[in-house]
Amino acid sequence: MYTVIPRAFSSNWAFINGGDSHSCKRFQKSPIGPLSFVLTTGNNKRFSSSCLNPVSSSSQIRLNDSQAAEKESVLILMRHGESMWNEKNLFTGCVDVPLTSKGVDEAIEAGKRIRNLPLDIIYTSALIRAQMTTMLALTQHHCMKDPVIMHHETEQARIWSQIYSEDTTKQTIPVIEAWQLNERMYGELQGFNKQETAEKYGKEQVHNWRRSYHVRPPNGESLEMCLGRAVTFFKEHIEPLLWSGKHVMVVAHANSLRSIIMYLDKLTSRQVINLELSTGVPMLYIHREGNFFRRGSPIGSSEAGAYAYTESLALYRQQLD
């Protein structure tokens, strides 16, 4: 039998690695908000579930096996909403273009679909279409916290953007931008129409550039190269947070997310070729005991009944209701 026990405590300084794999980023002290609670079972298993700021070092929170088995966490992956170059059918890659009005609507709808899932921290790419999607989606979240992009490009940027009010800090959710989550760089194809490019070079060649694992577009990245940076970042900075029981959302792009899903679902290089991701559709994973379990994506504005909930998530929903 599960029992809900309210919990409150003050955090230590939190150290989170950001866009540079050799740097260590510092978040300021933040007590856990009122939505935090612990789920306990008859055999004393514990599942933490909250909507709060992270409180542990991603480089230090890897737990031992017995501790990790008691943790269950949520991972949400989401491709950005439709961009202006999606609408025009252009190769976008790392060109930084914003959302269309349809993309804005997709982001808001995505926010409604995840609004009752716990969130502690958001990771997004350095590109505006992913960041717009992140901010718009979070306007719909039940915790009503303000998303704040953490700036640590320089020590001065960190100091100037620091929040000193503990009360305000309780009402914010950190957003970490990382270039490693950017879309695959399409090289000399960027800016060209996909249909016209297929007519010029042949459909098979363009298909290989877009969907094969090893083949690179001219002066661009292959999916294998994109996977190298995106999955390395995920394993070094995001996965340790999930091990600690923190709930994470990643808002990125078709190819950087395909790379991460390939890692999570243990897909082969042949299987990942056929993996398609729609714009603005969230995908839920549960991390438990070092394993990832895909729970699918909700089909409407209300996610109730669409996700295959675990017991701890069901109790989290019960708390909200």
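This section describes the fold, central sheet, nonpolar cores and selected helices of the predicted model.

In this predicted model, local features required a pLDDT of at least 70 and side-chain atom pairs were counted only at pLDDT 80 or more, whereas totals for chains, interfaces and linings use all residues. Residues are numbered from 1 along each chain as its sequence is written, and side-chain values rest on heavy atoms, with hydrogens and water left out.

The chain contains 11 helices and 12 strands, where helices (H or I, at least four residues) and strands (E, at least two) are DSSP runs numbered from the N terminus. Of the 321 residues in the chain, 53% are buried, a term that denotes under 20% relative accessible area, with exposed meaning over 50% and partly exposed lying in between (1.4 Å probe, protein chains only). The chain exposes about 14,500 Å², of which carbon and sulfur atoms supply 50%; accessible areas were computed by the Shrake-Rupley method with a 1.4 Å probe, and for residues only the protein chains shown count as cover. Among contacts (heavy atoms within 4.5 Å) with a separation of 6 or more, 75% join residues 24 or more positions apart.

An open sheet of seven strands has mixed pairing and the order β8-β9-β7-β10-β6-β11-β12, two strands being taken to pair if DSSP finds at least two bridges between them. Its edge strands, β8 (146–149) and β12 (291–296), each pair on one side only, and the twist from one strand to the next averages 25°; the underlying axes are lines fitted to C-alpha atoms, for helices over the stretch in contact, with angles running from 0 to 180 degrees between N-to-C directions. Within this sheet, strand β10 (residues 248–252) runs parallel to β7 (residues 121–124), to which four bridges join it, with M249 of β10 as the bridge partner of I122. Strand β10 also runs parallel to β6, through five bridges, and R79 stands opposite A252 of β10. Five of the five residues of β10 are buried, so this strand is largely enclosed by the rest of the structure. In a regular strand the side chains alternate between the two faces of the sheet. In β10, V248, V250 and A252 point one way while M249 and V251 point the other way, and all are buried.

The largest nonpolar core has 31 residues, and those with the most contacts inside it are L75, L77, Y123, V248 and V250; such a core is a set of buried Ala, Val, Leu, Ile, Met, Phe, Trp, Tyr and Cys residues joined through side-chain atoms within 4.5 Å. At least two residues of this core come from each of β6 (72–79), β7, α9, β10, α10 and β11 (282–288), and α9 gives the most, with nine residues. A second, separate core of 18 residues includes I122, A137, M249 and V251. When residues up to four places away in sequence are not counted, L75 touches F234, L242, V248, V250, L264, M283, L284, Y285 and F292.

Helix α10 (254–264) is mostly covered, with 10 of its 11 residues buried, among them N255, R258 and S259 as well as L257, I260 and I261. The cover over the buried residues of α10 includes β6, α8, α9, β10, β11 and β12. Just after α10, K266 takes a positive phi of about 55°. In helix α9 (residues 223–243), L227 counts as buried at 17% relative accessibility, and its C-alpha atom is separated by 8.2 Å from that of R258, 31 residues apart along the chain. Leaving aside neighbours within four places in sequence, L227 is in contact with Y213, T232, S259 and M262.

The buried residues of helix α8 (residues 203–211) are V206, W209 and R211. These residues cover an arc of only 165° around the axis, which puts them on the same side of α8; the arc is that of the directions from the helix axis to the C-beta atoms. Cover for the buried residues of α8 includes α7 (194–201) and α10.

Outside the helices and strands, T92 is found in the loop between α2 (84–87) and α3 (101–113), where T92 is buried, with a relative accessible area of 8%. Apart from neighbours within four places in sequence, T92 is in contact with S83, W85, N86, V97, R129 and Q190.
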